[in-house]
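Thanks for coming. I will go through one structure today, part by part, and keep it short.

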Amino acid sequence: MPRDHAEQVLRLEKIAWLAVIVFVAMFVLIDFGIMHLIDAPVARLIVRWLLIGGTCVTLTFGLSRRTVNIFVQSVRGERAARNEAEAIADQLGESEERYRRLVELCPDPIAVYCANAIVYANQAALDMAGVERPDDFIGRPIVDFIHQDSQRAVLERTRHAMEDGASNPPTELLLKRLDGEVVQVEATTMRITFQGQPAIQAVMRDITVRKRAEAALAHQAVHDSLTGLPNRVLLLDRLQQAIATSKRDGTTLSLLLMDLDRFKEVNDTLGHHAGDLLLQQVAIRLRGALRQADTIARLGGDEFAVILPDTDATGVATVVENLRRRLQAPYSVENQPVVVGASIGVAHSPTHGHEADTLMRRADVAMYVAKRNSVGFASYHVDQDRNSPDRLSVIGELQRAIEEGELVLHFQPKLDLRTQRMVGVEALVRWEHPLRGLLAPDQFIPTAEQAGLIDPLSRWVLSAALVQVNAWRRIGLEIPVAVNLSMRSFRDEQLPDKIRDLLNVGQTPAHLLMLEITESSLMVDPPRTLAVLNRLREMGIRVAIDDFGTGHSSLAYLKQLPVDEIKIDRSFIQDVATDETDRVIVRCTVDLAHSLGLRVVAEGVEDAETYALVAELGCDEAQGFHLSPAVRGRELTSWISQQPLAA
């Protein structure tokens, strides 16, 4: 050992100096005390040279202390260096031990690999890899646990980290467990020194659950939750792609829109759950009838769409016939046999348009032609399109009619079936067209809704109705007036403020105004509609549900609505004298409304027999041609003067 060598040198140094002293003393003693005893000159000379030589050797050895000191210092330096190396090694060992303890406590999987072989992994990494023993993981090539789609990225990131020494930003990778299951991770890699060797440390986070959730949300965003078919969003995207492909290849693309026939009867008779089951079966049949390249989508309700790439009019006719045959076969819904049909409209690209929206609208026009004419199938034709140039002309004329006073109001009275007295009127708008004569609402209201003119039209109707109410008030008549507003109007959060302003103009009492909303409109945006209705009710304005029985409102929702009366749709009233089912529906509706504290109005009472029967079934009020057609305000004033008013 270096320490033993140093001690030996020190002992030699002491012995050397002692020898010097002894030899010098002997030289003096011999030279002065012994040399005179030797007579022979030669012998005396030899002895003297021996003494001088020994003394020189001894002095030389003794004076070599500097050399010895240099040797000693080198030995001592080696010892210090070794001690320092041992201290550094101890510190490194302690550092690696602390690193291991910290990594083991980390919940994120951490692995270290050197020369593309795994040299360390914490327990979280072992668990993620699906191994029970470290030996099944440590020492194996890193690529054994990386999915082939991510191997190139991992090797590239490893090369980058080893060459530049910089950390790689987080990236998403696919790993493989020992059992072959794929795990999605977010990994960050950096270069480190492990056991004295350059290595790569990978810190990972399992994002498999998150990615599955994101994929599920993405799927839900473009698919119908009931049938699993693509929804309108995905349909439009695929339609745009199909049109682009059709243009490039010079082929014909066909778009089918279909609406189920008699589906409403299933909902009304068996309930909405049965309707949902039927829609799921329809989706299955559509999948089975079409090619893999075709796209089938549910647009909502009982409407479906089909994209047929590279299919001309002849091919469409064959497809439609097959679809109708499959769809018309009986279904079994909750052990009940059900038969429905389909009305199908078709538009072709490029014949009927090069844009997705245009093709959708024209296929929709054809579908409604097929449904209206009960022919099952129709192709688009420009003569059927209400959005033709003539249609655009009507829009311009309607806007002028609103601004220049070509619109007029007619009023139809409502009678109390118990007292036989008039309790109010409904305002109905008409258009006095300078060339076409008096036009009914169904001839221009749909146009107004499509052209964005429904708001100014509604404001005009409200204003004109209140003007007539105030005119009656000036002659001593307080007659409530009901105005039917569109779905769009009831979704306008500013509607209560607009009506308040109109009431303030003529100081009209709010209780003389009733607003009618259709049942189907209520279900478009229930929260917003409910908020608007509550504000109107707080103002003292009454609300009625029009065309009750034709929508899909639930009893639970109906109970929450701030309404005063419901108006049974004329489709249930017109045959009530001859149709037992209609009588049952009317009586059940009356019982339901009365249990909720609502009044019931029978619309479309056309004869005395119907008038008597709706009174017998419990309706509170009646309205229809049997009582009076809708007439102008001055004509109704004359009629009113002949009728008793309700108290």
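I'll start with a strand in the second half of my notes. Isoleucine 517 of β17 stands opposite isoleucine 545 in β18. Before going on, please keep in mind that this is a predicted model.

Strand β18 covers residues 542-548, and five bridges join it to β17, with the two running parallel. There is a partner on β16 as well: that strand, residues 481-484, pairs with β17 in the parallel sense over four bridges. One of the pairings there sets asparagine 484 against glutamate 516 of β17.

How many of the residues of β17 are buried? Six of six, across residues 513-518, so by the under 20% cut-off for relative accessible area the strand is mostly covered. The side chains split two ways. Leu513, Leu515 and Ile517 point one way, while Met514, Glu516 and Thr518 point the other way, and all are buried. Note that Glu516, a residue that counts as charged, is on that buried list.

Now the whole protein. There are 647 residues, of which 42% count as buried. The secondary structure comes to 23 helices and 22 strands. If you take the contacts between residues at least 6 apart in sequence, 63% of them join residues at least 24 apart. The exposed surface is about 34,400 Å², and carbon and sulfur atoms supply 54% of that.

Next, the internal space. The structure holds two cavities of 30 Å³ or more. The largest has a volume of about 260 Å³. Which residues sit closest to its centre? Of the 21 that line this cavity, they are Ile142, Phe145, Ile146, Leu175 and Met204. Several elements each supply at least two residues of that lining: the helices α4 (123-129) and α5 (148-164), and the strands β1 (110-114), β3 (171-176), β4 (182-194) and β5 (197-206). By class, the lining has 17 nonpolar residues, one polar and three charged.

The second largest cavity holds about 100 Å³ of space. Its lining includes Ile454, Asp455, Ser458, Arg459 and Leu462, and also Leu485, Ser489 and Asp492. Leu495, Lys498, Ile499 and Leu502 line this cavity too. Two elements give two or more residues each, namely α14 (454-474) and α16 (495-505). Helix α14 has the largest share, with five residues. By class, this second lining has six nonpolar, two polar and four charged residues.

Two single residues to finish. Aspartate 149 is found in α5, a helix I named for the largest cavity lining. Is aspartate 149 buried or exposed? It counts as exposed, because its relative accessibility is 57% and the cut-off for exposed is over 50%. Aspartate 149 and leucine 174 are 25 residues apart in sequence, with 7.1 Å between their C-alpha atoms.

The other one is threonine 419, in the loop between β13 (407-416) and β14 (422-433). Threonine 419 counts as partly exposed because its relative accessibility is 32%, which falls between the 20% and 50% limits. Where in the sequence is glutamate 621 relative to threonine 419? The two are 202 residues apart along the chain, yet 9.7 Å apart in space, C-alpha to C-alpha.

That is the tour. I'll take questions now.

Methods
Residues are numbered from 1 along each chain as its sequence is written. This is a predicted model: local features need pLDDT of at least 70, side-chain atom pairs count only at pLDDT 80 or more; totals for chains, interfaces and linings use all residues. Side-chain values use heavy atoms; hydrogens and water are left out. Buried means under 20% relative accessible area, exposed over 50%, partly exposed in between (1.4 Å probe, protein chains only). Two strands pair if DSSP finds at least two bridges between them. On a 1 Å grid over the protein atoms alone, a cavity is a set of points where a 1.4 Å probe fits but cannot get out, and a pocket is an open set with protein on both sides within 12 Å along at least five of seven lines; lining residues have an atom within 4 Å of a point. Grid points are joined across faces, edges and corners, and a volume is the space filled by probe spheres set on the points. Contact means heavy atoms within 4.5 Å. Accessible areas come from the Shrake-Rupley method with a 1.4 Å probe; for residues, only the protein chains shown count as cover.
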